[in-house]
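User: I would like to learn how to read a ligand site and the pockets of a protein model. Could you take me through this one step by step?

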Amino acid sequence: MTIRVRIGDIRIGEEETASVLESLAEGRLSEGRKTREFEKRWARYIGKKLCVALNSGSSALLAGLHALIHDDRRPKIRPGCKVITSPVTYAATSNAIVLAGMEPVYVDIDPCTFTLDVNRVEDALRGDRKGHALILPVHLMGYVNDMDALNGLASRYGLSVFEDAAQAHGSLYRGRKAGSLSDLAGHSFYIAHNIQVGEMGAVVTDDDALARLIRRIKANGRRCDCRICTRSAGTCPFRGAEYDPRFTHDLVGFNFKTSELHAAIAIPQVERAGAIIRARQHNVRTLNERLEPFSEIFQLPVFSDEVSYLAYPLVVRDPKWSREKIMASLERSGVETRPLFGCIPTQQPAYRHLKERYEGRLPRAEFVGANGFYIGCHQYLESADLDCVEEAFRSLVRKGP
Ligand SMILES: Cc1ncc(COP(=O)(O)O)c(C=O)c1O
């Protein structure tokens, strides 16, 4: 059977098309007016003062970490420092930490919301005081970490906090949006996310110095950091200098700039974010009702109207059932599936050097990593698609493990 219920779907609407055509008509492909407009709107949407657009969520994390390293006000954050983070996440989170020269420290998660277990974070800090500089929680599948508790620990131990909000566009925590709850946050607008651009990311922050550093780091560490280049208007702050600041590099950076066309696609979607989130919540609520008879086999997702769901995550809790067989059966019935990432230090081959150190120490993360998977709950699903999901599960259970 062909796949009917995908993890995500994309419909390029008239507004997105018109927005891209405007950029093309302006002859603008690299960052320009649309990128600046997107940054303004995304910062406003999240509830932060500043947003810097980048070419991916991975770049947002890596540029953010490098900015923290270069920020003189944070002497603890430097290559070799420890970053407390989640073991159950897309590889980009851990990869960014390692690529910034830092050491990820994994603590176990809450098995239902996949968020950091605050008690385990505190144990890690109490047990080993040396070298900890940062907490990097991941709001996986849209579930927001207990940020009051994490920020409390951070201020007690003198740490910074950087949210990986890649998967939580518009999720709420005590009335505030994911990404607005710490020093800085990274978002991803990858194709499967709620705001879908293909490849784009952003960092949001209230901290002007951090935003300026990120603007420089994403442009190969160049000297200047204006939001809009004023050189051709003759008002460049470096106009008297004997060098061109765009080609003078004080930092070693990356090319993480985004493209104007991607920003053009994002803008209309930011305006529709509320409707996208509500449609996904409706689908999660409906699927929870329909799949409730099977809740002894599967842990169903916790429902909350504060969560902006990236997908519909399930964890196989009955040991008689195999996740791989379940996923294969659902796919045969037309429902696309994905594994829930795997526990980074013990189940991801790139991190096998950490396996011995962590094996057995993250039991909930390892269980979720081995038994978790997700299906789509996206905004384009119709009632007949939800029927298809229900029937796929009924047929699976009828056949037995
Ligand atoms: C939790 C998390 N962090 C970071 C990223 C990286 O984002 P990107 O794919 O845009 O590089 C992703 C991507 O899906 C993610 O899920």
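**Reading the ligand site and the pockets**

Analyst: The residues of the shell around the ligand comprise 5 nonpolar, 8 polar and 1 charged, where Ala, Val, Leu, Ile, Met, Phe, Trp, Tyr, Cys and Pro count as nonpolar, Asp, Glu, Lys and Arg as charged, and the others, Gly among them, as polar. This is a predicted model, in which local features need pLDDT of at least 70 and side-chain atom pairs count only at pLDDT 80 or more, whereas totals for chains, interfaces and linings use all residues. Residues are numbered from 1 along each chain as its sequence is written, and side-chain values use heavy atoms, with hydrogens and water left out.

User: How many residues surround the ligand, and which are the closest?

Analyst: A residue is near a molecule if one of its heavy atoms lies within 4 Å of it. Here 14 residues surround the ligand, and Gly57, Ser58, Asp164, Gln167 and Ser188 are the closest.

User: Which polar side-chain atoms lie by the nitrogen and oxygen atoms of the ligand?

Analyst: A polar contact with the ligand is a pair of N or O atoms within 3.5 Å. Asp164 places a polar side-chain atom 2.7 Å from a ligand nitrogen atom, while a side-chain N or O atom of Gln167 is 2.8 Å from a ligand oxygen atom, and His193 has a polar side-chain atom 3.0 Å from an oxygen atom of the ligand. The ligand taken alone exposes 380 Å², of which the protein buries 93%, by the Shrake-Rupley method with a 1.4 Å probe.

User: Where does the ligand sit?

Analyst: Rolling a probe the size of a water molecule over the atoms shows where empty space is left. On a 1 Å grid over the protein atoms alone, a pocket is an open set of points where a 1.4 Å probe fits, with protein on both sides within 12 Å along at least five of seven lines, and lining residues have an atom within 4 Å of a point. The ligand sits in the largest pocket, meaning that more than half of its atoms lie within 2 Å of the grid points. That pocket has a volume of about 620 Å³, the space filled by probe spheres set on points joined across faces, edges and corners.

User: Which residues line the largest pocket nearest its centre?

Analyst: Among its 32 lining residues, Tyr90, Ser188, Tyr190, Ala192 and His193 lie nearest the centre.

Definitions and conventions. Polar contact = N/O pair within 3.5 Å; in protein donor to acceptor, adjacent residues only side chain to side chain.
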